[in-house]
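Thanks for sharing this one. Here are my notes, set out as numbered points for you to follow beside the model.

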Amino acid sequence: WQRQLISVKDDAPDGVGYLILRDTVLGGQASQWHFWTLSEKIGAASQVAERAKFLADAPGDKIAARSLLKGDRFTALGQFGMDLEYYIASPSGTPRHTLRYGLNPQAADVPKFSEYQDLLQLTLPGDGSYFVALFPRKPDEEVPRFVTSGGGRVISIKAKWGIDHVFLCKNHSEAKGAEYAFVGTAASIQNRGAGSLLLALGAEGTVATKGFSLTAPFG
């Protein structure tokens, strides 16, 4: 199992920031990917659009497990004014499940403490990668558009603030698109408009866009 992670941040502390994860598993056996959120409920993007209706049967302080709809977009509706968008670039076509679990506030050992969280569970039948974007946002903020390209090595995120391209792969490789060119294993482009363009490398390689390029020999 190998985990790669890119943290993309804005100059402003309250600006756009998110994580991109690639967990690569080898060995020829089935695996599961888990991520927990302090939320009220998890659902597909098509379900959470009507927030109040979707939360009408939220499990609250109860342990509950269920299957999620097929797809690559899910939202964890947060408990404290911050939601989390999941975008699953891979695997595709595999089951998605959720589990709500926590501490019972009536338990004798912690009678006044309660914390319930929601799990997103992904599965792979064999070798492969879990390539996932974790994008936090406030409930009233725009939901960005997510796209996978570059042979499954690039996740692009677009909204009114601009467009980002994040390149992440296990082995040294290349990915080219209309707005980017990557060589290496980890890099990103932040094109936030108004002359704001940031190219970044997380390992040896090259990143290029709009006539600009950055190359670094470190490994």
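1. What share of the contacts in the protein chain with a separation of 6 or more comes from residues 24 or more positions apart? In this predicted model, such residues account for 53% of those contacts. The secondary structure comes to 17 strands and two helices.

2. On overall dimensions, the radius of gyration of the protein chain is 19 Å, which agrees with the value near 17 Å for a compact globule of 219 residues. Along the principal axes, the C-alpha atoms fill a box of roughly 60 × 45 × 30 Å.

3. Now to the surface and the interior. Of the 219 residues in the protein chain, 44% are buried. The chain exposes about 11,700 Å², and 53% of that area is supplied by carbon and sulfur atoms. As for charge, there are 23 positive and 22 negative side chains, with the centres of the two sets 4 Å apart.

4. Strand β16 is worth a look in your viewer. The strand covers residues 205-209, and its side chains alternate. Gly205, Val207 and Thr209 point to one face and are buried, whereas Thr206 and Ala208 point to the other face and are not buried.

5. Which strands does β16 pair with? One partner is β14 (residues 180-193), joined to β16 in the antiparallel sense over three bridges. Here threonine 206 of β16 is the bridge partner of valine 183. Another is β17 (residues 212-216), which runs antiparallel to β16 and is joined to it by five bridges. In that pairing, glycine 205 has alanine 216 of β17 as its bridge partner. Glycine 205 is also one of the buried residues of β16, while threonine 206 is not buried.

6. Please check the turn that follows. The hairpin of β16 and β17 has two residues between the strands, and lysine 210 lies in this loop. Lysine 210 is not a glycine, yet its phi is positive, at about 50°. Is the residue buried or exposed? Lysine 210 is exposed, as its relative accessible area is 56%, and the cut-off for exposed is over 50%.

7. One more backbone feature deserves a glance. Which kind of peptide bond joins serine 90 and proline 91? The bond is cis, with omega about 5°. Proline 91 sits in the loop between β7 (83-90) and β8 (96-102).

Definitions and conventions:
Residues numbered from 1 in each chain as written. Predicted model: local features only at pLDDT ≥ 70, side-chain atom pairs only at ≥ 80, totals over all residues. Heavy atoms only, no water. Helix = DSSP H or I, 4+ residues; strand = E, 2+ residues; numbered from the N terminus. Rg over C-alpha atoms; globule rule 2.2 N^0.38 Å. Buried < 20%, exposed > 50% of the residue type's maximum accessible area, 1.4 Å probe, protein only. Contact = heavy atoms within 4.5 Å. Areas by Shrake-Rupley, 256 points an atom, 1.4 Å probe, with all protein chains shown as cover. Lys, Arg positive; Asp, Glu negative; His and termini not counted. Charge placed at Lys NZ, Arg CZ, Asp CG, Glu CD. Pairing = 2+ DSSP bridges.
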